[in-house]
Structures are given as structure tokens and as C-alpha cells.
Amino acid sequence: MLSRRKMLQGIAASTVAVFGNSMATNRVDASPKKDAAPKRIVFFMQNQGFDPKTCIPSGLRSSGSLAKTRLPEPINALEPYKERLHIINGLHGIHTSPSHSAFFGALGGYRGSDGVPPSASTIDYELSKALPQTLLPHLCIGMDSIENMKTKPTIATLSASGAGQPIFMHSNPNHLYQMLYGGISTGNIRRQHEARSAVMNQVQRLAATKGQSLPTSDQMRYGQYVQGFKEVNGLRDRLDAVADHLRNFAPVVDERYTRPEFETDWHDVLLDLGISALTSGITNTLTIGSGRGEIFGAWKGLGIDQQGHNLGHMDQPDNPIWVKIRQYNSRMLVRIMEKLESVPEGSGTMMDNTLIVYTSNNADKQHTNGANWPVMLLGNLDGAFKTGCFTQLDGKRPINSLYTSLLRAAGQNVDRFNMDDKAAKKFDSGIGPLKEVLV
Amino acid sequence: MSIVRCALSFALGCWFISVACSETYTPGQTVDEDFDGFAKAFLADHCIDCHGETAPEGDLSLHDLGPVDEINAATWRSVWAQVTLKEMPPEDAEPPQVIQRLRFSDGIVDKLTRLMRDKGGFRANLDPDKGNFVDHDLLFGRLPDGIRLQPTSSPARIWRVTPQEHITRLNELINTESPFDRKKPGLRTHGDVVPTNHGGELKLYFGTDRIIKWQGGTVAYATSVKSVPAVLSSARNHGLENYPDFYTVNSAEATQILGIAADIIRYMADGPLSIAQPYQITDDPNSIADRMKGDLRGLPTSLVYSTRVVRPLTPVHDLMNNDGVTDQRLRAAVDYLFEALTFRPPSKVESNEYLSIAQQSIEKLGKTDGAVLGLSSIFLDRDALFRPELAQSGKPDLHGRVMLQDWELGMAVNHAFRYIRPDQTLRGAVTDGRMRTRADVRREVERILSDDSIRKPRILRFFRDYFDYDLGGYICKDLKALADTGASNRGQAHYRAMFDAAASTDRLIEFILQDDKDVLKQLLTTDKVVATKNDSVYFGRQRTADKRAEAIATDKKTLKAQAKADAANVEKLTAEISQLQDKLKVNPEDKRTQRTLAAKEKTLETIKKKATAEKRRRARINHNVAEVDLSGDKIYARVSRRSFGNGSMAPERILATVPQGERMGILTHPSWLVSHSDAMDNHAIRRGRWIYERLLGGGIPDVPITVDAMLPDEPTSTLRHRMRVTREDYCWTCHKKMDPLGLPFEMYNHAGLYRNTELGKPVDTSGEIIDSGAPDLDGKVSNAIEMIQKIAESQRAEQVFVRHAFRFWMGRNETLNDAPVLQNAHLAYRNNGGSMKAMLVSLLTSDAFLYRTVNQTPTNQTAASDRASSETTASTATVGEENR
């Protein structure tokens with residue numbers, strides 16, 4: 001029989017359903033745990049695939065400790081951080097159609113492809129809501145050829161806040177610097193920041209004025225539009241209000257911003273900006289798209305003349321080009337860890353409360369069915385994840401199960417992520433998080 | 001039921017009848033009564049007997065339900081649905097009087113709306129999926145005595161623009177689309193919607209009208225080209241997607257729009273130079289060959305743009321390309337952008353506001369950056385993202401309604417058909433004061449409808465929303481399950497075929513609309529198909545295992561025979577060539593022999609090549625499918641021109657005839673069938689629900705939260721057998737309305753191919769129309785074609801079609817007060833031989849379209865204010881005469 005208790009549950013559900021549309025995209029109204037200890041997650045998505053041979057120490061065929069192994073050349077920069085590393089081989093993403101790239105499907109755990117819009121939110125967005133609140137919960141940066149980053153300074157290929165709701169990644173470091181640190185900037189960036197602030201304030205005023213005469217029934221809906229400007233302007237004001245704090249973390253703008261020699265100059269400063277957003281506490285979730293989720297990309301600054309699609313056609317193991325790219329990635333990972341380690345937090349450092357997820361939006365290689373999707377985890381998110389080990393799975397659990405594990409570690413009581421029971425029967429041999437990764 | 005209860009029930013019933021007879025009922029009227037007044041007696045009389053304290057039916061006890069509150073709201077919502085849909089009281093119980101039922105239903109909605117006002121609101125009754133909750137027979141039949149209708153109107157409101165509308169509007173600023181070509185009417189042209197790309201994503205592309213060379217295939221091209229995805233989104237993916245009050249624009253979207261605005265303004269100013277290097281702009285790509293060396297795929301530098309300027313050159317261009325800044329040029333740019341984005345000229349105040357913003361930005365940042373930033377603000381004007389219908393300037397009539405006029409009316413008419421701004425004639429009518437009466441609207445509507453060159457993408461959007469045939473490309477298919485259907489599971493082939501199929505169905509609908517005769521019936525029963533090459537498979541027949549083996553054997557036999565013949569030919573020719581060569585050895589100068597030898601050698605080469613090609617062709621033959629031979633006149637479908645790379649979304653099509661007895665009408669086309677399927681199989685429930693709601697006008701309550709709606713996972717069982725679980729009593733009440741209507745479509749597999757067998761046995765395609773509301777329709781059917789034929793003949797399906805058109809064009813659900821509008825629209829349709837145009841003229845000149853009532857609450861969209869002094873009944877409603 002339906003009881004009053006069940007009725008209460010029912011009303012809660014129906015209220016959420018009513019709010020569903022507007023709440024889904026309303027970031028500021030989301031209510032993560034404000035008072036919880038800070039935690040943060042970084043997703044580093046290298047395009048063109050992540051061949052397991054480039055990360056699994058030779059001779060290691062079954063799960064075990066990394067302590068007595070030597071990391072392969074492409075990731076040997078991580079050797080000093082081995083005790084924080086967890087290499088996972090044998091997840092799958094065959095349902096994501098990852099050949100060339102799963103695009104939104106890589107972080108969404110659903111079918112994606114070139115030109116296919118997101119069919120649901122992605123894990124980075126969901127985590128940004130679940131983790132303790134920050135000023136700007138989610139930041140995405142994308143690294144590509146210099147031409148693409150200049151022509152298309154923002155694109156959306158990897159992250160989404162819902163079905164048909166892509167999240168843009170930033171690729172022009174000048175724009176990103178202005179957004180994050182306009183309030184403490186000088187010179188041209190300062191002028192841009194002030195001009196933009198003035199325009200946005202006036203847009204908010206005009207929007208509010210035009211809402212005054214609306215029918216009662218539309219006022220709440222239109223009010224959300226006006227509220228959006230208040231949020232944008234409010235974020236800027238809040239960033240301005242903590243300008244003194246931000247000065248301690250903001251990178252120094254140098255010629256690499258304005259006169260990059262290679263695209264890797266911009267890659268480097270974008271990474272600096274991303275790291276600073278973490279260390280300054282501006283954001284709790286950082287998504288890095290190296291190759292921006294597509295099948296192209298360039299790394300001429302590493303001495304790699306070839307660019308784009310052909311890179312994906314090459315076998316990665318023992319390939320000098322891919323060794324360089326992976327080494328570059330690894331150095332970036334080290335930079336993130338070093339910076340986070342240098343900031344005290346609680347009884348330890350920021351890195352103690354951080355997890356870095358390194359993988360590819362392309363599973364193991366460019367032309368793949370996604371039967372194997374290697375992942376590296378770095379850090380343990382305040383002791384939630386096992387480290388210093390290699391885990392070989394049987395290829396029967398999907399990347400969604402890893403994402404479920406992340407959500408569990410972020411305090412969400414979920415058994416699956418973006419996979420209903422029907423699909424799970426086909427694509428997941430288990431339920432709940434990956435027991436092999438969580439402590 | 002005990003004798004005492006019977007007596008009590010009878011007494012209460014008599015009391016209610018007398019009350020009902022003595023009272024009048026006005027739909028939508030504010031319910032002033034409390035629980036005791038509107039509900040207590042109803043519950044006691046019609047509900048408690050079964051849903052009492054002990055052993056209640058369905059495990060639901062209502063004896064202590066009490067007034068609507070936060071705790072029991074979900075139960076009240078369920079009671080509302082059951083009573084409104086006449087599911088309750090059950091058939092074997094005494095039904096309430098019509099007015100009793102309506103008052104009870106209104107009362108629940110009213111109380112729920114009040115209660116939930118600050119908790120997200122109760123809006124279920126406003127959802128298009130609940131449109132059919134209004135009794136069809138009351139809308140189209142004679143109203144019982146006591147029901148008095150009010151002259152209808154729609155609430156004053158603002159519509160958020162749709163994603164399609166927004167992208168098409170922005171596209172107008174930077175791309176020039178081809179003018180309408182009467183010789184190729186199917187080609188996408190100016191005024192058509194910007195279509196989704198090869199992956200189904202809606203994007204705005206920059207400079208595609210000037211790109212003359214690129215490197216690589218579709219993906220490389222799409223990556224190189226500057227593009228931005230649609231920022232506004234629609235969360236719904238089935239049914240009517242865009243009632244005005246569904247959406248707003250949030251902060252993330254507003255921020256993105258500002259960024260896109262800057263890109264657009266720079267492109268308006270400088271064209272491809274804003275996204276490319278100067279050397280890339282040339283009419284002779286060979287002249288820059290030295291700059292295009294190496295693998296540039298996916299880079300913007302892989303593109304070559306022609307020198308011909310084709311984008312619109314606007315005051316924004318003039319501002320940015322002339323020295324200095326004058327107020328005149330800046331204001332011209334402001335005013336131009338404002339009108340381009342809001343579709344109306346700015347008021348003096350608006351013009352001054354944006355001029356001031358632009359001036360301040362220029363002062364801070366200098367001309368270029370300042371103008372870009374300042375002008376970008378116009379993209380965030382309320383009226384660039386929302387279309388107002390506020391009716392603030394007119395005078396209320398006797399019923400408190402105000403007729404839209406001038407720009408609001410002109411834009412309402414324009415929006416009924418188009419995504420781009422009103423044409424010159426309509427703008428002229430507005431500015432000349434000729435958009436103020438019903439006759440004005442009729443004039444413009446008839447003009448627009450009669451001119452094919454005025455593209456009307458909103459009409460196609462209605463059919464996409466109504467039929468839901470455009471979802472197939474978004475349904476992720478299991479690779480093995482897809483291969484089992486006979487369709488290709490290689491790469492993205494199936495998904496692209498589905499996007500092509502949606503475009504083909506669009507075009508087929510246009511053909512039927514062109515004739516404008518028995519439109520709905522034609523859509524349901526046409527033997528025509530607009531087809532691509534792929535459709536010979538998708539409209540083909542899935543072979544049984546035996547037939548497949550037979551086909552392979554036949555093929556082998558043919559191949560063997562052909563190979564034998566070829567071998568014989570080769571042997572003969574080889575011998576002849578050998579002889580000729582011997583002859584030449586003896587007489588090398590013999591010209592005639594030389595010529596003969598050369599000819600023979602050529603013939604031999606040709607035979608060998610043909611044999612190899614034939615072998616390859618046969619190796620590619622899909623033996624799982626008996627392909628259908630579709631042939632007919634060449635036509636075009638309205639996909640984009642070359643915007644997405646080589647070979648993607650080609651417009652070429654043929655108008656062919658479907659195989660008789662296997663297909664009939666849109667519901668039997670793969671575009672619709674796949675749109676109503678899932679990863680592994682057909683979706684008979686969704687198909688049945690579509691028939692029940694969109695053709696028969698039935699309503700389905702929401703699935704109770706306690707239901708675990710899963711079919712058993714039994715790969716060796718047919719879908720029909722797996723659906724046995726819906727026959728549980730608890731489920732069957734609703735499922736009997738859907739399942740037997742969806743199962744006849746089992747004659748097709750989940751890729752839309754015709755089939756005779758399922759899992760090796762003859763497929764069962766039987767079904768039944770149960771409780772349709774039109775008794776002559778009820779009964780068993782042997783397959784989908786028989787069912788469709790039956791329904792297509794019915795007047796009820798026409799009326800339900802009109803109801804859906806009403807919702808789409810009015811942007812809200814109908815109420816009983818809209819009965820005269822619906823009846824008139826149906827009459828117009830019927831009296832004009834099933835004319836969509838006549839129906840649209842009727843709807844768009846109706847009070848529901850023309851009038852707005854300010855400050856109506858959402859619950860009582862057509863509710864009267866108590867100011868209305870005269871009421872009209874359905875049969876005599878003639879309102880708005882002053883504007884005729």
C-alpha cells in the first residue's frame with residue numbers, strides 16, 4: 001500500500017522532474033557539498049589512442065605491484081611517482097564507437113562519433129557538481145595545432161552537461177587568462193576585462209528592464225535568464241574579490257601567450273592556467289583535451305613535423321614520434337603533481353586530495369573497436385583509490401564502471417553511470433564501482 | 001458493495017445529478033471550492049468503494065487522502081490522470097456526470113498548481129503529452145447542457161527561440177544561401193532550416209559558400225571549417241518539442257552566445273580573412289601549391305576560399321572597413337544587427353542603448369575590438385532569444401482579451417512558417433498598419449502559403465514533431481543486432497543512412513503537401529518513397545535462412561557459369577592471339593594482322609577486367625537482403641549543399657514506388673520504424689503509443705514510479721513473447737491500448753526491413769485496436785498495413801491530427817474552450833478535400849492564435865476572468881467579430 005513515506009519520496013522525485021530542464025544547465029544553483037574537504041579531479045585525454053604497450057612495464061602480464069618494475073620509455077617521467085600510479089588495462093568501450101574518436105562518448109560512456117551530439121552529460125561535468133563547490137566548478141582546456149586554436153579558440157567535443165548540451169573548452173590562453181585573472185591583470189588584458197565587464201553589466205541591466213513587463217507566468221522562466229547574467233557578473237566579482245589570493249597562483253603572462261613559436265607554447269601556458277585554476281581553488285574539475293577530442297593535432301614544438309591524422313595511423317609502441325608525445329604528456333602530468341604538491345592542504349598537500357585520470361578519447365588506438373581502453377590514475381583522492389599497482393581486467397567491464405567508481409569516491413551513491421540495466425546486460429559483467437581501483 | 005453503500009451511493013449520485021443539472025460549468029474557471037467542496041463527495045461516491053481502508057484495489061487507499069498537500073500530491077496527480085482519462089471509475093461502475101468529472105479534474109489541477117507554485121510548479125496538464133487528456137468527444141461532439149464555453153485566447157507570453165531557429169537566424173548573417181530554383185524545388189535554399197550535419201549535430205558553419213578546395217574527407221573538412229554548435233538546446237526528443245514556456249537561456253548559454261557573436265561580427269566584417277590567411281583566398285588553388293604542401297588535413301590552412309564575396313555586405317561591414325567611427329555608421333550597424341537578430345527595427349531607446357554600449361566599448365578598446373564587443377551585446381537582447389507576444393498595446397475586448405497587432409502579430413504569422421525574418425511584404429504590412437485585423441492575417445497567411453519560394457521550414461518541423469521520423473540516426477544500435485537485420489553495420493553507414501532517410505521523408509511530405517489533397521490520408525497510405533541508393537536495402541526484404549542459402553547458391557552458380565564462360569572466351573581468345581602472333585613472326589609488316597591482334601588483346605583485357613569486377617561486385621552482395629528495385633524520376637532532398645565534405649549528405653534522390661503489400665505510407669518507412677526502435681529490437685510499445693496518441697487521440701498516464709518497466713532478456717524469444725510481462729493486470733490497463741497497435745509493425749525488423757520470419761519462424765503481425773474511442777475502428781487487424789488503412793479512413797484520425805497541429809501552432813494544449821477553433825479547422829480541412837493549407841488558414845486566423853490574455857495563470861490558459869459578461873456555447877461561438 002502507498003504510505004505517506006512513499007508519497008514523500010514521490011513528491012521529491014516529481015519536484016526534481018519539474019525542475020529538471022532548468023536545473024540541468026544551471027551550474028550555480030547546483031548544490032554540491034559546500035563544507036566538505038576540498039577534492040579535485042583532472043582528466044587528461046590524449047587523442048589518437050593510448051596503446052597499452054606504451055605504459056605497461058615489460059613482462060607485467062597480470063595485476064600486481066609496480067614497485068619492482070620499470071616504466072616504459074614513453075612514461076618514464078612518471079618513474080619517481082610510481083607509488084602514486086595505477087595502470088589499468090582491460091576496460092572496454094565498445095559501446096562508444098571509439099574508432100577515430102568517441103568524442104563526447106569517451107567521457108560519457110555512450111556512442112559518440114564525429115558530428116554526433118552528446119546524448120547525456122559526461123563524467124567530468126557530473127563530478128564537478130558532486131565535488132565540494134568552487135567558484136567555477138568545471139574548466140576545460142583544449143590543445144591543438146596553433147592554426148586551429150587561433151581560428152577556433154573554443155570548441156566542444158569532449159564534455160557535456162546533458163543531452164545536446166556541449167561544454168566548450170578553451171584553447172586561446174589569452175582569453176582564458178582574461179576570464180580567470182582579468183581582475184588582477186594589467187595592460188591590454190585589463191582593458192579587455194574591464195570593457196567586457198562593463199558590457200555584461202549593461203546587458204544584465206537591459207535584460208532585467210525587459211523582464212519587468214512580462215506576464216507572471218513567464219517571470220520565473222525569464223528570471224532565470226536574467227539570473228544567468230547575475231551569475232556571470234557575480235563570478236567575475238567574486239574572482240575580483242579574491243584578487244589578492246589569486247595573485248599568488250596566477251601565471252606570469254609572457255611572450256608565449258602573445259607570440260607563440262609553436263603550438264606547444266600555448267599547450268604549456270594552457271596547462272599552467274589549468275593548474276593555477278586548481279591550486280587557487282577556482283575550480284575542482286579540469287578536463288584537458290590534448291588533440292581536442294578529434295583525430296588531428298600537432299606537436300611541432302617537440303620536433304614532430306608530421307601532424308594530424310597520419311599520427312594516428314602509426315603504431316605507437318617504439319615509435320619515436322609517439323614516444324615524444326607521450327613523454328610530453330608525462331612531463332605535463334608531473335608538472336600538475338609537482339604544483340599540487342607544493343600547495344599545503346589540511347595535513348598534507350593538494351595532491352593528496354586529487355586524482356588525475358589519464359587516457360585517450362580514442363581507446364587504445366586510432367582504428368579500434370574499443371575492446372581495450374587503457375587508463376592511468378595518478379593520486380588517490382584522499383585515500384579513496386589504490387595506487388602503485390597495475391590492474392589487468394578481463395575486458396568485460398566498461399569505462400562507465402570506472403566513472404561509477406569516480407562518482408562513488410566523490411560521495412555519490414550510484415551503481416552505474418550512463419548505462420541502463422538493459423545495456424549493462426550486454427556491456428557490463430558487473431555492477432557498481434570497480435573493486436580493483438577503490439580502496 | 002454492501003446494500004448500505006449502494007443506497008448511500010445512489011443517494012449521493014442523485015444529489016450530484018441534481019447539483020450538476022442546476023449548475024453551469026465553464027472550462028478553466030478558477031476553482032474556489034476547498035477539498036470538501038470539489039472532491040470529498042466525488043471521492044466518496046466514485047472512489048472509496050474500491051480504494052477504501054481495507055484491501056484496496058491496486059494497493060491504493062484513498063479513504064484518508066484529504067486535501068492536496070505536499071505528501072499526497074503524487075497520489076492526487078495519479079487520481080487526476082485516471083479520472084480525467086475516464087479510466088476511473090471503471091466501466092462496471094456508475095460513471096460521474098460529465099460536469100462532475102470536469103470540475104473534479106479542474107479542482108485537482110488548481111490545487112496542485114497552487115501547492116507546487118514555489119516547488120517547481122505542477123505543469124503536467126500543460127505538457128503536450130497530456131494534450132489528449134481533454135476529452136475528444138467533448139471537443140468535436142455536442143456538449144452536454146450546462147457547459148458554457150468562453151471565447152478562447154492564448155496567454156500573453158514569450159517564446160524562447162528554438163535551436164534550429166537560432167542557428168538559421170545566425171546563418172543569415174554570414175552565409176548567402178541559394179535563391180529558390182523552381183526547376184529544382186527540392187534543393188535546400190534560402191529560408192530553409194540549417195540542417196544537421198552528417199553526424200546529426202546542428203552547427204553553424206562559416207564560409208562554406210566560398211570554400212573551393214580542401215584536403216581529406218568529410219571529417220577532415222568538418223574539422224578544418226570554422227563551426228560552432230548550437231548553443232540553445234531542446235531536452236525533449238519525442239513529440240512536440242517547443243512550447244514557448246519549455247525553456248530559458250542559462251548563464252553558460254549566454255556566455256557562449258557572446259563568444260559566437262564576436263566570431264560572427266568579425267566574419268561579417270572581414271569574411272574568410274577573419275578565419276584564414278590572406279594567401280588562402282584565391283581562385284587559383286594551384287598558385288599557392290607551395291603553401292599547401294604536406295598533410296594539412298583538419299587544419300584551417302587546408303582550405304582555399306574563392307575571391308568572390310558572397311556573404312551579405314551589411315552596415316557592420318561598412319563600419320569595420322571604413323576609417324574611423326562615425327555615430328551614423330555605428331548606429332546603422334547597431335540598427336541592422338538588432339533587426340537581423342530580433343526581426344524588428346529597434347525602438348529609439350533600444351537603438352540608443354546599444355549605440356551607447358558600443359561607443360563605450362570602442363572608447364575602451366579601440367575601434368575593432370570595441371565594436372566587436374559592443375555589438376555582441378545585441379545578440380543577448382531579450383528579443384534576440386525570446387519572441388514576445390505580450391499584447392501590451394491593444395485594448396482588451398469584453399472578455400479581457402487583447403488582439404496581437406503590428407510587429408507582434410506580423411512576427412507571430414512569420415514564425416508560424418519561417419525561421420528567417422519577415423519578408424518585405426509582411427514588413428511593409430506591419431509598418432503600414434495593415435497587421436491589425438483577422439483579415440490582415442488571412443491575407444498574409446494565404447500569400448505565404450501560396451508562394452513556394454517562401455520557404456516554410458516550420459511546417460516540416462511540425463511533421464517531424466508529429467511523426468517523430470527523424471530520430472533514427474540518434475538511436476545507438478548494437479552492432480551484431482544491426483548486422484542481423486541485413487543493414488550494414490560498418491562504421492557510421494547505418495546512422496548516415498538514417499539521417500538521409502529523415503531528409504527523404506521530409507521531401508516526401510513536401511510532395512504530398514504540394515498536392516494538398518487528403519494530406520493525412522496520403523501521408524499514411526502513399527505508395528511513394530523518396531529514396532537514396534541505400535534504400536534498395538532498407539526498403540528490401542530480410543531473407544529467411546533458407547532464402548539466404550538459396551541466394552548464395554544461385555549466386556555461386558551464376559558466378560561459376562559466368563566464370564566458365566569467361567574462361568572459355570579467354571581460352572579461345574588466347575589461342576587466337578597466339579595464332580596471330582605466330583603469323584606476325586612470319587610476316588611482321590602485316591598491318592591487318594597487327595590490327596586484329598591489337599583488337600583481340602584489348603578484348604581479352606576487357607574480359608579479364610570485367611570478370612574481376614564482377615567477382616568483386618558479387619563478393620559485396622548482401623545475401624541477407626533481397627534488395628528492392630527502386631526506380632523513378634530524379635529529384636532532390638533538402639540537405640545542405642557541400643557544407644560537410646565530399647560525399648556526405650548528397651541531395652540526389654529518386655521518387656520511386658514502394659513494393660506493394662509490403663509498405664504503405666510513412667509509418668512503414670525505415671525513417672519512422674527505426675525512430676521507434678531501440679538498440680536491439682523493435683519498440684512495439686513506443687510504436688503503439690504513437691498510434692494511440694497521435695492517430696486515435698488517446699491519453700496514457702505516466703508510468704507509476706513503482707513499475708520496473710523492463711522486458712525479460714531472452715535472445716531466443718520474439719519481442720511479442722517477451723512482451724507477455726505487460727499483460728499483468730497492473731500493466732495491461734494501459735498496455736492494452738498500445739501493445740496491440742505496435743505489434744502489427746513486427747512485419748519489419750528494427751532496421752526497417754520487411755520480413756516474413758522472426759527467429760526462424762513465421763512472424764506474427766496480428767494486432768487489435770481496442771477502446772479507440774471510435775467504435776467502428778475497434779477490432780482485430782492482421783498487420784500494420786491493414787491497421788493503417790483502417791485508421792487513415794477515419795474522421796477521428798483527422799481530428800486528432802488537427803489537435804496536434806493546434807498544439808504546434810498555438811504553442812499550448814487545447815482546452816474545451818478551443819472546441820470551436822478545432823471544429824472550424826477540421827471543417828476547413830475536410831471541406832477543402834483534406835487541405836493542410838485550409839486547415840492552417842483556419843487555425844492561424846482563429847482567436848486562439850490572434851488573442852492574448854494578459855496575466856493568465858498557466859493553469860487557466862483560457863480561463864475567464866470574471867469580467868466576461870457574455871458567454872457562448874460551442875455551437876454558437878462567433879467571437880472577435882470586431883476584427884473580421
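This note goes through a predicted model, point by point, from confidence to contacts and local architecture.

1. Confidence in chain A. The mean pLDDT of chain A is 88, and 92% of its residues reach 70 or more. Residues 1-34 of chain A, however, have a pLDDT below 50, although this stretch still has 55 contacts in the model beyond near neighbours in sequence. Where pLDDT is low, the predicted coordinates should not be read in detail.

2. The contact between the chains. Chain A contributes 77 residues to the contact and chain B contributes 78. On the side of chain B that touches chain A, at least two residues come from each of α3 (73-84), β2 (157-160), α7 (218-224), α8 (251-270), α11 (348-365) and α12 (367-376). By residue class, this side of chain B divides into 32 nonpolar, 30 polar and 16 charged residues.

3. The annotated segment of chain B. An unreviewed UniProt entry lists residues 47-92 of chain B under the name "domain: Cytochrome C Planctomycete-type", and that label is best quoted as coming from the record. In the model, the chain over residues 47-92 of chain B is 26% helix and 0% strand, with its end C-alpha atoms 13 Å apart.

4. Domain division of chain B. The assignment gives domain 1 (3-122), domain 2 (401-455 + 795-883), domain 3 (545-623) and domain 4 (667-792), so that domain 2 is written as two segments of chain B. In the contact between domain 2 and domain 4 of chain B, five residues come from domain 2 and eight residues from domain 4. The residues on the domain 2 side of this contact divide into two nonpolar, one polar and two charged.

5. A sheet in chain B. Three strands of chain B form an open sheet with antiparallel pairing, in the order β9-β13-β12. Its edge strands are β9 (528-531) and β12 (633-636) of chain B, each of which pairs on one side only, and the twist from one strand to the next averages 35°. Between β12(B) and β13 (residues 652-657) of chain B, which run antiparallel, there are four bridges; as for individual partners, B:K634 has B:I654 of β13(B) as its bridge partner.

6. The helix over that sheet. Helix α19 (residues 493-515) of chain B lies across β9, β12 and β13 of chain B, and the direction of α19 is at about 140° to β9(B). A reader following the sheet in the model may therefore wish to view α19 of chain B together with these three strands, given that the helix lies across each of them.

Note on methods: Residues numbered from 1 in each chain as written. Chains lettered and ligands numbered in written order. Predicted model: local features only at pLDDT ≥ 70, side-chain atom pairs only at ≥ 80, totals over all residues. UniProt positions renumbered as here; feature names shortened; annotations may be inferred. pLDDT = per-residue confidence, 0-100. Contact = placed C-beta atoms within 7 Å. Nonpolar A, V, L, I, M, F, W, Y, C, P; charged D, E, K, R; others polar. Pairing = 2+ DSSP bridges. Axes fitted to C-alpha atoms, helices over the stretch in contact; angles between N-to-C directions.
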